[in-house]
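User: Could you take me through this protein model and show me how its labels are earned? I would like each label set against its rule.

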Amino acid sequence: MSFLKQLKEQVQADIEHVFDRNDKPFQTDDGKYEAESKKLDKQLKLWKQSIEKQRRLERYFYQEWQDAKKMASKRAEQLEIAESAGVEELVAQAQSELVAYQELSREYSDSYEEQKERVKKLEARGRELEFLRKKIRRMQLDYIARTEEAKLEKNAAKWTYYAEENGDLDGYEEDENEQTEESEAAALKKQPSFDVQIEELKQQLDKKSDVAP
């Protein structure tokens with residue numbers, strides 16, 4: 001193999017290497033955006049765990065509020081029964097627990113409303129983090145694209161330089177292949193195609209059948 005052809009193949013291999021790296025954009029030596037992306041991924045994971053705890057707490061406050069409301073309603077009905085029966089001891093107990101459950105219901109209702117707003121704010125913050133993560137990933141890809149473009153331009157310039165210094169490399173390769181192509185064409189002319197050979201056999205068989213008595 002000639003020196004010029006070896007040189008051309010090496011330059012081509014360099015360019016193909018750039019394309020291979022471009023097919024795997026996240027495998028970059030630059031650690032700036034990769035590190036930021038990993039940090040944000042960690043923050044998002046922690047946020048998801050935290051928001052799930054906050055949602056469970058929201059559900060807890062809601063359930064306690066509903067339970068307190070039911071018990072307050074139940075004690076109100078029992079108070080009427082106790083008052084109708086004139087049992088003072090049960091009346092006093094029903095009144096005391098009714099007030100306690102009504103107060104508990106209000107407190108849990110307030111806690112639930114506060115927690116619901118807290119969860120909404122945290123969810124909004126989480127969506128911001130998701131968009132920020134996409135933005136950082138876009139910046140990372142943009143950096144990779146610009147870096148790979150610069151490398152490709154450098155390799156293309158190298159190719160142009162060697163072509164100017166050593167002549168038309170493409171023309172050299174074409175000259176080298178002309179003789180091979182001509183010999184292959186000659187071989188094809190000498191050897192009939194499969195279809196032609198089959199047709200010739202068919203004609204021979206037809207002639208024999210015509211001659212036979």
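Analyst: Happy to help; we will go from the overall fold to single residues. First, this is a predicted model, in which local features need pLDDT of at least 70, side-chain atom pairs count only at pLDDT 80 or more, and totals for chains, interfaces and linings use all residues. Residues are numbered from 1 along each chain as its sequence is written, and side-chain values use heavy atoms, with hydrogens and water left out.

User: What elements does the protein chain have, and in which order do they run?

Analyst: The protein chain has 5 helices and 0 strands, and its elements run α-α-α-α-α from the N terminus. The labels come from DSSP runs: a helix is H or I over at least four residues, a strand is E over at least two, and numbering starts at the N terminus.

User: Why is Gln115 called buried?

Analyst: Buried means under 20% relative accessible area, exposed means over 50%, and partly exposed is in between, using a 1.4 Å probe and protein chains only. Gln115 has 1% relative accessibility, so Gln115 counts as buried. You will find Gln115 in helix 3. Across the protein chain, 18% of the 213 residues count as buried.

User: What is Gln115 in contact with?

Analyst: Contact means heavy atoms within 4.5 Å. Leaving aside neighbours within four places in sequence, Gln115 is in contact with Gln54, Leu57, Glu58 and Phe61.

User: What makes a group of residues a nonpolar core, and which residues make up the largest one?

Analyst: A nonpolar core is a set of buried Ala, Val, Leu, Ile, Met, Phe, Trp, Tyr and Cys residues joined through side-chain atoms within 4.5 Å. The largest one has 7 residues: Leu40, Leu44, Trp47, Ile51, Val119, Leu129 and Ile136. Helix 2 (32–85) and helix 3 (88–166) are the elements that give two or more residues to this core, and helix 2 gives the most, with 4 residues. A second, separate core of 6 residues includes Leu79, Val91, Ala94 and Leu98. As background, nonpolar side chains tend to be buried together in soluble globular proteins.

User: Why is the Tyr60 and Phe61 pair called tilted?

Analyst: Rings of Phe, Tyr and Trp (its six-membered ring) pair if their centres lie within 6.5 Å; planes under 30 degrees apart count as stacked, over 60 as edge-to-face and the rest as tilted. By this rule the count comes to 6 aromatic pairs. Tyr60 and Phe61 lie 5.9 Å centre to centre with 55° between the planes, and that makes their pair tilted.

User: Then why is the pair of Tyr60 and Tyr108 called edge-to-face?

Analyst: Here the centres are 6.3 Å apart and the planes of Tyr60 and Tyr108 stand at 80°, so the pair is edge-to-face. This pair links distant parts of the chain, with Tyr60 in helix 2 and Tyr108 in helix 3, 48 residues apart. Ring pairs link Tyr60, Phe61 and Tyr108 into a cluster.

User: Are these ring residues buried or partly exposed?

Analyst: Tyr60 has a relative accessible area of 40%, so Tyr60 is partly exposed. Phe61, at 16%, is buried, and Tyr108, at 17%, counts as buried too.

User: How do you know that Glu123 and Arg55 form a salt bridge?

Analyst: A salt bridge is a side-chain nitrogen of Lys or Arg within 4 Å of a carboxyl oxygen of Asp or Glu. The closest N and O atoms of Glu123 and Arg55 are 3.0 Å apart, and they form a salt bridge. Glu123 lies in helix 3 and Arg55 in helix 2, so the pair ties together parts that are 68 residues apart in sequence. Glu123 is partly exposed at 23%, as is Arg55 at 27%.

User: Which other side chains meet in a salt bridge?

Analyst: Among them are Glu52 and Arg59, at 3.4 Å from N to O. Glu117 and Lys120 form another, with their closest N and O atoms 3.9 Å apart. Because Glu117 and Lys120 are 3 residues apart in helix 3, they are separated by about one helical turn. The count comes to 8 salt bridges, and Glu52, Arg55, Arg59 and Glu123 are linked in a network.
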